[in-house]
Amino acid sequence: MSYRVVCYINQFYGGKGGEEVADFKPELVEGPVGPGLELQKLFGDEARVIGTIICGDGYYAEHIEKARAECLKIVEDLKPDLFVAGPAFNAGRYGVACGDICAAITQSLDIPSLTGMFPENPGVELYRAQTFIVKTEGSARGMKQALTSMARLGLKLIKGELLGPAYEEGYIHRGIRKNFFKDKRGSLRAIDILLQKIAGQEFRTEYEMPTFKKIPPAPPIKDIKHATIALVTSGGIVPRGNPDRLRVSSAESYAKYDISGLDDLTPDEFESIHGGYDRMWANLDPDVVVPLDVMRELEREGVFGKLHPYLYTTTGTGTSVANAERFGQEIGRELKEAGVDGVILTST
Amino acid sequence: MTREIERVAQIPVAQIATIVPIMLTVGANRIVPGVAIPHPVGNPEAGPEEDKKTRRKLVLRALKALQADISEQTIFES
């Protein structure tokens, strides 16, 4: 008995037409269509493409919840062992549709799913953690190679075989780390990598750093004399006793304290609970981390308009990028609502 | 955190910290190099007067950064 596979492709690969039929509603066709024909060859006798959903890119993008529900219903009835969408290469709407339906099928129906995309496809960032996205070329020129990788990975997923690292399996890494034993200890491996680097050879880090986004700078403050400035810190300055139980490292929250009646952060009232630096100086005078004394002086002198009444604080050591981004988004929304014009953020 | 505050609120954020490469990596746009990791806005080892003078200088620099019309990540050294 061979495994059962259901595919998902857009109106173009489904032979329905181009942009003029992008609103094509999900339709199930028996057997493989378009790229599925080649996929079937690659699967050989091991798996059989029993059906293909064809759906317009515009339809999925504009009615994402409805389209997802319709596709889920079709797949639920067919009960496949694997769901394959695309490959979408660098097509944005198609990529998002492929990622979304794969993620939904794995999550709701517990069926392994995979798709294929060019690393810069917007669908990658959105869905890489929730499904397997095979790395492809930017256009359909890379079809053969994409399908070869997808078929190989697909069979492994169906059989529940242990997967190697993402770069070996050919998919875009999902941010999952697994513990296992190596024959050489870390220091020796590090020296090996260093020697490869010095010799100008190719080398691969064992611990990839997260990639951060950049954004265009916000417009400057035009009228500083009437501007409200807020203080924010990741230096772990809190009222003594840490009433909100901020974590000393790997923070999962931030806190907000009223500083409107204060001219100075004194060690009697404030302290640092940050677990990532020597707190001696901060605990003698918290102003060396959060410059409240000087901000008050400058406010009185009329150098800027007004100091925002609240200090936002967290600990920025071991804190995950996702949490730090969330803090920033929540604080940003509050500051915007409060009419704050600019922020001075101090970090240790 | 700096980047997301700026993105969501669409207001400038000047970050004062000591390790400039990290601020560049995380996407801070207005960067003011601080004094030291445990006391970014102060120089307590040099005594209270110098400490406050240093703090004032850095805060004024951050206020200047907030008013600067920039098109890319900028380090404010003076």
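1. Let's start with helix 1 of chain A, residues 35–43, in what is a predicted model. This helix lies across strand 1, strand 3 (47–55) and strand 4 of chain A. Its direction makes about 165 degrees with that of strand 3 of chain A.

2. The sheet under that helix is worth tracing by eye. In chain A, six strands make an open sheet in the order 2-3-1-4-5-6, and the pairing is mixed. Strand 2 (27–30) and strand 6 (132–135) of chain A are the edge strands, each pairing on one side only. On average, neighbouring strands of this sheet are turned by 25 degrees against each other, direction ignored. As you follow any strand, it may help to recall that side chains in a regular strand alternate between the two faces of the sheet.

3. For a closer look at one pairing, go to strands 5 and 6 of chain A. These two run parallel and are joined by four bridges. Leu114(A) has Phe132(A) as its bridge partner in strand 6 of chain A.

4. Helix 4 of chain A, residues 92–109, also belongs in this picture. Helix 4 lies across strand 1, strand 4 and strand 5 of chain A, at about 165 degrees to strand 4 of chain A. Does its length fit or conflict with what its residue count predicts, and why? With 18 residues at 1.5 Å a residue, the helix should span 26 Å, and its end C-alpha atoms are 25 Å apart, so the two agree. Just after helix 4 of chain A comes Asp110(A), with a positive phi near 60 degrees.

5. Which residues of helix 4 of chain A are buried? Among them are Tyr94(A), Cys98(A), Asp100(A), Ile101(A), Cys102(A) and Ile105(A). The buried residues of this helix pack against strand 1 (3–10), strand 4 (82–89) and strand 5 (113–117) of chain A, and also against helix 2 (57–62), helix 3 (64–78) and helix 5 (122–127) of that chain.

6. Now turn to a sheet that both chains build. Seven strands form this open sheet, in the order 9(A)-11(A)-7(A)-12(A)-1(B)-2(B)-3(B), with mixed pairing. At its edges are strand 9 (255–258) of chain A and strand 3 (74–75) of chain B, each pairing on one side only.

7. Where do the chains join within this sheet? Strand 12 of chain A (residues 342–346) and strand 1 of chain B (residues 13–17) run parallel, joined by four bridges. Ile344(A) has Ala14(B) as its bridge partner in strand 1 of chain B. Helix 1 of chain B (residues 2–9) packs on the sheet and touches strands of both chains: strand 7 and strand 12 of chain A, plus strand 1 and strand 2 (30–33) of chain B. The direction of this helix makes about 170 degrees with that of strand 1 of chain B.

8. On the chain A side of the sheet, compare two pairings. Strand 7 and strand 11 of chain A are parallel, with five bridges, and Leu231(A) is partnered by Leu311(A) in strand 11. Strand 9 and strand 11 of chain A run antiparallel, with four bridges, and here Asp258(A) is partnered by Tyr310(A). Helix 11 of chain A (residues 321–337) lies across strands 7, 9, 11 and 12 of that chain, at about 160 degrees to strand 11.

9. One charged residue deserves a visit: Glu4(B), in helix 1 of chain B. Is Glu4(B) buried or exposed? Its relative accessibility is 3%, so Glu4(B) counts as buried. Leaving aside neighbours within four places in sequence, Glu4(B) is in contact with Glu325(A), Gly328(A) and Gln329(A).

10. Two helices also meet across the chains. Helix 10 of chain A (residues 292–300) and helix 3 of chain B (residues 48–66) have axes that come within 9 Å and cross at roughly 65 degrees. The crossing is right-handed. Residues making this contact include Met295(A) and Leu298(A) from helix 10 of chain A, and Arg55(B) and Val59(B) from helix 3 of chain B. By class, the contact has six nonpolar, no polar and five charged residues.

11. Finally, find Val289(A), in the loop between helix 9 (280–284) and helix 10 of chain A. Val289(A) is buried, with a relative accessible area of 0%. Beyond neighbours within four places in sequence, its contacts come from both chains, including Thr233(A), Tyr277(A), Thr346(A), Pro38(B) and Val41(B). Val289(A) and Leu265(A) are 24 residues apart in sequence, and their C-alpha atoms are 9.8 Å apart in space.

Terms used. Residues numbered from 1 in each chain as written. Chains lettered and ligands numbered in written order. Predicted model: local features only at pLDDT ≥ 70, side-chain atom pairs only at ≥ 80, totals over all residues. Heavy atoms only, no water. Pairing = 2+ DSSP bridges. Contact = heavy atoms within 4.5 Å. Axes fitted to C-alpha atoms, helices over the stretch in contact; angles between N-to-C directions. Expected span 1.5 Å × (residues − 1). Buried < 20%, exposed > 50% of the residue type's maximum accessible area, 1.4 Å probe, protein only. Left-handed = near helix turned anticlockwise from the far one by under 90°.
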